[in-house]
Amino acid sequence: MVVVLYSRESEKLGTRLAEELKIKRMTIESKTFPDGESYLRFTEQVTGQDLIVVQSCYPLQDKRLIELFFTLDTAKELGAKTIIAVIPYLPYSRQDKRFRVGEVLSNTTVGKLLKSASADLLVTVDVHQKESLNSYAMHTINVTAMPLIADYLKKLKLSHPFILAPDKGAAANARRVASILETDYDCFEKRRDTVTGQIETSERCLDLVGRDVVILDDVISTGKTIVNVSRIAAKSGAGRIIAACTHALLVGDAEVKMKEGGVTDIVGTDTVDSFASRISVAPAIAESLRQFL
Ligand code: R5P
């Protein structure tokens, strides 16, 4: 039997996924000790079962990761047959290379730990760079939320929409969404100072008068990347400015900064549970898993 097992933090997405797949679901009991350590307990038998373990590792990502490793390792020890790790937001995937000498390759280490914790397959959503999964010693599937985001944008009845990618890495997604919306797109150039983290976006004139703009990225963290582009879009005459992404981490005062920078609406998916989680990625994840049922 195939079962979806999810943590408390990934309950909404785990439930939606089990409903999409029409299979049984289980939760894992959890609590945090006063010193911060995690306690987890399986409340049902998993011996002989094929498990789909759902744990989206958005902040607090380290706690979520360690709880995921505990869960996977214990599931195997308790006799689960196969284990699919569904990590919709895969942390550390942006640290997939050494930008400065001596940097830790966190992405590679996460892959090694997942393997040693007995994951047979990893399913994630819009990982920062697909190539970052090459260092994972297991089969991996990267699902995209872009068609779902495009469908959601269609419902907003945008006026002559224009899709803007804040950097080259986001261009393929912008092209894809623009093609579904049958509209055009453009891509900016962004430079990030690897020491200070400061971002610079090269300014360019665009004619956006009478057009609603969607700034599309894989992740919105501090919101600085979006603010830079939003300011340019506003100066270029844009109407509504929608910040859309798969993973709306929205760290600290990101929402306030984006609104001050001219963003009228923030749209994300349920890979992160927040006010911006307007779109569920469950149908896309379910589609990728049907071949294993
Ligand atoms: C990096 O290139 C990513 O695609 C995002 O653009 C970046 O993580 C967004 O970060 P922030 O919201 O802090 O500017």
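Which residues does the domain assignment of the chain give to domain 1, and which to domain 2? Domain 1 takes 2-144 + 280-292, and domain 2 takes 146-270. The model is predicted. Colour the two domains separately before going on.

**The two domains**

Place a centroid on the C-alpha atoms of each domain. The centres of domain 1 and domain 2 are 28 Å apart.

**The interface**

Next, select the residues of each domain that touch the other. The selection should hold 16 residues of domain 1 and 14 residues of domain 2. Between them, domain 1 and domain 2 bury about 1400 Å². Carbon and sulfur atoms give 58% of this area. On the domain 1 side, pick out Tyr 89, Asp 126 and Thr 144: these residues supply 36% of the area that domain 1 buries against domain 2, more than any other three residues.

**Polar links across the interface**

Now show side chains and look for charged pairs. The rule finds one salt bridge across the interface of domain 1 and domain 2. Select Asp 270 and Arg 16 as well; their side chains meet in a salt bridge, with N to O at 2.6 Å. Eight residue pairs are in polar contact across the interface of the two domains, both residues of each pair being at pLDDT 80 or more. Colour the domain 1 side by residue class: where it touches domain 2, there are nine nonpolar, three polar and four charged residues.

**The ligand**

Move to the ligand and select the residues around it. There are 15, and Arg 94, Asp 217, Asp 218, Thr 222 and Thr 225 come nearest. Start with the two threonines. In the side chain of Thr 222, an N or O atom is 2.5 Å from an oxygen atom of the ligand. For the side chain of Thr 225, the corresponding distance to a ligand oxygen atom is 2.5 Å. Then add Lys 190, which has a polar side-chain atom 3.0 Å from an oxygen atom of the ligand.

Finally, switch on the surface. How much of the ligand's area does the protein bury? Taken alone, the ligand exposes 380 Å², and the protein buries 92% of that.

Note on methods
Residues are numbered from 1 along each chain as its sequence is written. This is a predicted model: local features need pLDDT of at least 70, side-chain atom pairs count only at pLDDT 80 or more; totals for chains, interfaces and linings use all residues. Side-chain values use heavy atoms; hydrogens and water are left out. Domain bounds come from an automatic or database domain assignment. Contact means heavy atoms within 4.5 Å. Buried area is the accessible area (1.4 Å probe) that two parts lose on being put together, summed over both. A salt bridge is a side-chain nitrogen of Lys or Arg within 4 Å of a carboxyl oxygen of Asp or Glu. A polar contact is a pair of N or O atoms within 3.5 Å; within protein, one must be able to donate a hydrogen and the other to accept it, and residues adjacent in sequence count only if both atoms are side-chain atoms. Ala, Val, Leu, Ile, Met, Phe, Trp, Tyr, Cys and Pro count as nonpolar, Asp, Glu, Lys and Arg as charged, and the others, Gly among them, as polar. A residue is near a molecule or strand if one of its heavy atoms lies within 4 Å of it. Accessible areas come from the Shrake-Rupley method with a 1.4 Å probe; for residues, only the protein chains shown count as cover.
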